[in-house]
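Dear colleague,

I am passing on the structure below for you to look over. My notes on its helices and core come after it.

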Amino acid sequence: RHTRYISVTGVQTCALPICKVLDTVTEQFALAEWTAPVLHETLVKTGESLGLNLRKAQAPVRLAITGATVGPPLFESLELLGREESLRRINQARSRA
């Protein structure tokens, strides 16, 4: 379940690790070769760097890309959508998180 927190200043902040995953994966995907195997490995490494297994790391990305928690294979979907559309969807989800 996604939780929003309100800081003392009234600014909404995103529940970690969701925001951290989306922020980090945006940076890493911007530099990665845009193929399903490379995107998979990139997300595995991102998750490991945040202390998350692949399942936990890919959940916010899948939701951002497909709009659902289950769906078609994530990395093949990313490859088919292309870098520009995938990053647009991730950034859009991050702005709402």
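What follows covers one helix, the nonpolar core and one helix pair.

This is a predicted model, in which local features need pLDDT of at least 70 and side-chain atom pairs count only at pLDDT 80 or more, while totals for chains, interfaces and linings use all residues. Residues are numbered from 1 along each chain as its sequence is written, and side-chain values use heavy atoms, with hydrogens and water left out.

Helix α2 (helices being DSSP runs of H or I, at least four residues, numbered from the N terminus) comprises 14 residues, 36-49. Its buried residues (under 20% relative accessible area, 1.4 Å probe, protein chains only) are Ala36, Leu39, Thr42, Leu43, Val44, Thr46 and Gly47, and what covers them includes α1 (18-31), α3 (54-66) and α4 (74-81). Just after α2, Gly51 adopts a positive phi of about 75°.

The largest nonpolar core (buried Ala, Val, Leu, Ile, Met, Phe, Trp, Tyr and Cys residues joined through side-chain atoms within 4.5 Å) has 20 residues, and those with the most contacts inside it are Phe29, Val61, Leu78 and Ile90. At least two residues of this core come from each of α1, α2, α3, α4 and α5 (83-96).

The axes of α3 and α4 (lines fitted to C-alpha atoms over the stretch in contact, with angles from 0 to 180 degrees between N-to-C directions) come within 11 Å and cross at roughly 40°. In contact there (heavy atoms within 4.5 Å) are Leu54, Gln58, Val61, Arg62 and Ile65 of α3 with Leu74, Phe75, Leu78 and Leu81 of α4.

Best regards

Technical notes. The expected span of a helix is 1.5 Å times one less than its number of residues. Buried means under 20% relative accessible area, exposed over 50%, partly exposed in between (1.4 Å probe, protein chains only).
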